Amino acid sequence: MHVHFLGTAGALPTPQRNPSCIMVRRGSDTLLFDCGEGAQQQMMRVRTGFTVDAIFISHWHADHYLGIFGLLETMGFNGRRDPIRLYGPRRIYEMVSIIRQLNPGISFPIEAAELRDGEAILFDGYRVIPFATRHGCESYGFILEEDQRPGRFDREEAISLGVPPGPFFGRLQRGDSISILVDGEEMTITPDQVMGPARPGRKLVYTGDTRPLRIWPDAAYRADLLIHDATFDDAESARADEVFHSTAGMAGLAARDTGAERLALVHISSRYTQTATHIQDAKRHYQGEILFPNDCTMIEIPFKD
């Protein structure tokens with residue numbers, strides 16, 4: 001799983017930072033979480049291509065969705081035929097209707113789906129769970145959670161039970177029971193006899209724009225990566241309250257409280273050119289790894305084991 005930070009700015013872009021856009025590549029799927037202005041140029045810079053399968057819009061502030069128009073045009077120019085689905089708050093159907101009206105030449109289907117708090121969207125091997133955030137309007141964060149993985153296969157135990165190396169090993173690892181002859185007697189071997197306990201998949205949480213949450217969804221805990229609004233440093237906490245954003249210290253508290261493995265600070269106000277204060281504020285509360293990614297940074301989320 002790879003995370004590309006295509007846009008990490010606050011509402012106003014800077015020469016170094018574009019508006020919000022996070023790309024997640026998981027297996028053969030590519031998802032965008034928000035799509036601010038210039039997203040397609042960032043995709044060109046990091047050479048990801050434009051084969052996006054779905055776009056998730058956290059809320060209807062322009063810095064989180066204006067890039068969709070140009071990106072879809074570029075996809076059409078490149079001959080795309082596969083449908084793309086846009087997920088968003090209420091009015092997402094209206095948004096897609098406007099796109100179709102303004103871009104009648106787009107050559108592929110654009111589908112719309114309305115987000116609902118806690119209602120999982122299923123993909124092959126993982127799900128995306130939207131959750132309500134606090135931004136003064138209808139707004140959502142997103143949890144990308146992989147399915148559990150099978151436990152480790154105990155090869156020695158399988159052999160001791162009489163299972164010959166070969167195709168039977170694969171069937172047991174896929175969850176199938178098998179029948180074998182042991183000393184002339186037919187025996188059934190079940191996966192639980194040779195497989196360890198199930199292992200967790202990877203998990204990513206992206207908050208979008210938000211004030212600190214009072215209650216987190218159960219699924220948001222123990223994320224491999226928490227990408228959190230950190231528009232201001234802690235000296236501007238009163239301003240953060242006024243405009244429904246978080247400070248870096250608040251992001252650190254969220255990472256601590258949810259048990260995140262890593263914390264990435266994003267949606268940085270254009271007033272800041274240095275990272276030291278934000279990181280210091282977050283470190284007062286959170287002892288894990290803190291990232292302050294520049295635009296076009298890519299990180300990998302490995303399996304824990």
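This is a short tour of the chain in your viewer, one selection at a time. Keep in mind that you're looking at a predicted model.

**Stop 1: the whole chain**

Start with everything shown as a cartoon. You should be able to pick out eight helices and 16 strands. Turn the chain along its principal axes and the C-alpha atoms fill a box of roughly 75 × 50 × 35 Å. Of the 305 residues, 50% are buried. Now switch on the surface: about 14,400 Å² is accessible, and carbon and sulfur atoms account for 48% of that.

Colour the charges next. There are 32 positive and 41 negative ones, and the mean positions of the two sets lie 3 Å apart. Contacts also reach along the sequence: counting those between residues at least 6 apart, 61% join residues at least 24 apart.

**Stop 2: helix α7**

Select residues 248–258, which make up helix α7. Is this helix enclosed or not by the rest of the structure? Eight of its eleven residues are buried, so α7 is largely enclosed. To see them, show the side chains of A248, G249, M250, A251, G252, A254, A255 and T258.

What do these buried residues pack against? Add β13 (225–229), α6 (237–243), β14 (262–266) and α8 (276–283) to your selection, and you have the answer. Before leaving, click on G259, just after α7: its phi is positive, at about 70 degrees.

**Stop 3: rings in pairs**

Show every aromatic side chain. The whole structure holds ten aromatic pairs. Zoom in on F33 and F56, a stacked pair with 5.0 Å from centre to centre and 15 degrees between the planes. F33 belongs to strand β3 (residues 29–33) and F56 to strand β4 (residues 54–56), so this pair ties together parts 23 residues apart in sequence. Both partners are tucked away: F33 is buried at 1% relative accessibility, and F56 is buried at 0%.

For another arrangement, go to W60 and Y65. Their ring centres are 5.3 Å apart and their planes stand at 80 degrees, so this pair counts as edge-to-face. Which of the two is buried and which is partly exposed? W60 is partly exposed, with a relative accessible area of 23%, while Y65 is buried at 17%. The cut-off for buried is under 20%, so these two fall on opposite sides of it.

**Stop 4: an aromatic cluster and Y87**

Go back to F33 and F56 and add Y87, F123, Y126, F142 and Y206; together they form one aromatic cluster. Centre the view on Y87, in strand β5 (residues 84–88). Y87 is buried too, at 8% relative accessibility.

Who touches Y87 from farther along the chain? Setting aside neighbours within four places in sequence, its contacts are A54, I55, F56, I57, I92, A113, L115, I121 and F123. So two members of the cluster, F56 and F123, appear in that list. Try the distance tool as well: from Y87 to E114 it is 5.8 Å, C-alpha to C-alpha, although they are 27 residues apart in sequence.

**Stop 5: charges over rings**

Finish with two arginines. Select R80 and F108: R80 lies over the face of the ring, 5.4 Å from its centre. Then select R202 and F303, where the charged end of R202 sits over the ring, 3.9 Å from its centre.

Key: Residues numbered from 1 in each chain as written. Heavy atoms only, no water. Helix = DSSP H or I, 4+ residues; strand = E, 2+ residues; numbered from the N terminus. Buried < 20%, exposed > 50% of the residue type's maximum accessible area, 1.4 Å probe, protein only. Contact = heavy atoms within 4.5 Å. Areas by Shrake-Rupley, 256 points an atom, 1.4 Å probe, with all protein chains shown as cover. Lys, Arg positive; Asp, Glu negative; His and termini not counted. Charge placed at Lys NZ, Arg CZ, Asp CG, Glu CD. Phe/Tyr/Trp six-rings, centres within 6.5 Å; stacked < 30°, edge-to-face > 60°. Lys NZ or Arg CZ within 6 Å of the ring centre and 35° of its normal.
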